[in-house]
Amino acid sequence: MTITVEEVFETARMTLYHNFDIRTTTLGINLKDCIDSDFEKFKEKVYAKIARNARSLVAEAAKLESKYGIPIVNKRVSVTPVSLIMETHCAPDKFLQMAQSIDRAAADAGISFIGGFGALVQKGLTRSDAMLIESLPEVLAKTERVCAFLNVGSNIAGLNIDAVNLIGPMLKKTARESLNAIGCAKFVVFVNAPEDNPFMAGAFHGVGESDLTLNVGISGPGVVRSVVAENRDCDFTALSEVLKKTTFKITRAGELVGRELARNMDVPFGVVDISLASTTAEGDSVARIVESFGIEKIGGHGSTCAIALLMDAVKKGGAMASGNIGGLSGTFIPISEDSGMIAAVQAGALGLDKLESLTSVCSVGLDMFGIPGDTPAETINAIIADELAIGVINNKTTAVRVIPVPGRVAGDLVRYGGLLGDVPIMKVNPFSARDFMRRGGRFPAPVTSLRN
Amino acid sequence: MKKELSFITVIGLDKKGIVAKIANLLYLNDINIEDINQKIMESYFVMTMLVDMGNSKVSIDEIRAGLEKIGGELGIKIQIQHENIFTMMHRV
């Protein structure tokens, strides 16, 4: 059946007026085959493998942008968790050197961010894991593009509180060592981290993946918001239908571009991540979608229900559109990267407590928010523990990307610009959890893990 | 030669010479027009052209640049996109 004028117009209008794009194409690269007892050779092999494949990604993505007239906004790389490949080179200076090789490979290939400088420590830490965490303040300050992650829990393993307790002090040190604490924006702590997530800063190439895999993240919220705005009076069921149909269409574009890109690069196609991801562009905001539902400001009562409705519809529409859904697949509500979220914080509509409740119904978690630089490390650990407990108990991915900015107090705005946006400093509950967090040890795996 | 179908979308105010200028650019580059439709939608004048680039002398990038130049001269938006994207998005 021929495509009608209306259908052509709908797609063309999305691109021209509503920020329709492919948000990210992320090439997962296995680095295990680069390990060498000679550290210099090891670094060279890592550099060469990343640079070679990343260049191919950038070149092939550009061809498809032109063919389909749709921007592919980010071309990125994720690698095998670095602590894993460093087990036999466990020396503090080597972690920084490896990070610098990875950083240089990304820069030389024209890749904005490269993920995977992290460790899977949901049950415990190896010597390499501990050393990697210790190296993070320096790595995040001295590299530009390297993104770091830790997975500190899962619904099968429980939550590694000893690992959580390392993070607060590490973040405070990172904040001191990088300008405006920007190093902290490149670190995410997870539970139930997916191994095929294409979105930074938490992307890594899981150990269960093939040598190379191409994963795709779909378009942003601008298209969804405009469709909701055209359907002001429909009830919840009808609204859900509208959202499903729109997500279906934008996911189909991701599926087409992802599969064709993988084929052209001669690498296996991994997944489409159907997360709605905000950008700093005006209108490309998840908060504004929620507000177009009829809530005055995100964070107001009704917001959790609205995000839940949105999430569920996005998943239903997206699942129908792609053969392989994966990654985080939900909706991101970062503060600094979403103009509507910033506005809600500044208007007093959205605080940390409500943000936490929103994350219980959406991926991924407390993302890109600032807190006063004098927040005690154990309070940062407790904020992380709260968020991650939601993930472990509810069998979902949750994460935290928090920036304790030295010298800043609640109400301030720290300007990063670019992809990272502007970070409002949010008020933190002043009452202490020190004695609770000091207990340490492991939060046991929840009863829902007993499924066999 | 295998067909390589793309849609050209024109959005803006209706003006004299839109079809003539685009058709001339396509003719000069051996691109065949398979179908043309137009409609007024949400106060936009919208015209779509289905074109076959199978014998085209130039790449889609060069045609896009030519179309954007015409768009600039006439104050309209012109977009070219491979047919696959429409089939994927609008057909189950």
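This is a short tour of a two-chain structure, one selection at a time. Keep in mind that the model is predicted.

**Stop 1: the interface**

Start by colouring chain A and chain B separately and picking out the residues in contact. You should get 30 residues of chain A against 28 residues of chain B. How much area is buried between chain A and chain B? About 2,900 Å², with carbon and sulfur atoms giving 68% of that. Now show A:I3, A:V5 and A:F9 as sticks: on the chain A side these lose the most area to chain B, together 22% of what that side buries.

Next, go for the charges. The count between the two chains is 2 salt bridges. One to zoom in on joins A:E6 to B:K39, where the closest N and O atoms are 2.1 Å apart. If you turn on polar contacts across the interface, the rule finds 12 residue pairs, both partners at pLDDT 80 or more.

Which helices of chain A should you select to see where its side comes from? Try α1 (5–17), α2 (39–68) and α8 (236–265), each of which supplies at least two residues of the side touching chain B. The largest share, 13 residues, comes from α1(A). Colour that whole side by class and you will find 16 nonpolar, 5 polar and 9 charged residues.

**Stop 2: the sheet of chain B**

Hide chain A for a moment and switch chain B to cartoon. There is an open sheet of 4 strands here, running β2-β3-β1-β4 with antiparallel pairing. Select β2 (32–41) and β4 (77–82) of chain B: these stand at the edges with a single partner strand each, so one side of each has no neighbour in the sheet. From one strand to the next, the twist averages 15°.

Then select β1 (residues 5–12) and β3 (residues 44–52) of chain B, an antiparallel pair held over 8 bridges. Label B:T9 and look across to β3(B), where B:T48 stands opposite. Finish with helix α1 (residues 18–28) of chain B, which packs on the sheet and touches β1, β2, β3 and β4 of chain B; its direction makes about 20° with that of β3(B).

**Stop 3: the sheet of chain A**

Bring chain A back. Its open sheet has 9 strands in the order β9-β8-β1-β2-β3-β4-β7-β11-β10, and the pairing is mixed. Where does this sheet end? Its edges are β9 (269–273) and β10 (365–372) of chain A, each with a single partner strand, so one side of each is left without a neighbour. The twist here averages 25° from one strand to the next.

For a parallel pair, select β1 (residues 22–29) and β2 (residues 72–79) of chain A, joined over 7 bridges. Within it, A:T25 has A:K75 in β2(A) as its bridge partner. Now add the helices. Helix α4 (residues 92–109) of chain A packs on the sheet against β3 (114–120) and β4 (146–151), at about 150° to the direction of β3(A). α8(A) also packs on the sheet, touching β1, β2, β8 (212–217) and β9 of chain A, and its direction makes about 160° with that of β9(A).

**Stop 4: two backbone details**

Zoom in on the peptide bond from A:M200 to A:A201: it is cis, with omega near 10°. A:A201 is in the loop between β7 (187–191) and β8 of chain A.

Last, centre on A:N19, in the loop between α1 and β1 of chain A. What is phi of A:N19? It is near 55°, a positive value in a residue other than glycine.

Note on methods. Residues numbered from 1 in each chain as written. Chains lettered and ligands numbered in written order. Predicted model: local features only at pLDDT ≥ 70, side-chain atom pairs only at ≥ 80, totals over all residues. Heavy atoms only, no water. Contact = heavy atoms within 4.5 Å. Buried area = accessible area lost by both parts, 1.4 Å probe. Salt bridge = Lys/Arg side-chain N within 4 Å of Asp/Glu carboxyl O. Polar contact = N/O pair within 3.5 Å; in protein donor to acceptor, adjacent residues only side chain to side chain. Nonpolar A, V, L, I, M, F, W, Y, C, P; charged D, E, K, R; others polar. Pairing = 2+ DSSP bridges. Axes fitted to C-alpha atoms, helices over the stretch in contact; angles between N-to-C directions.
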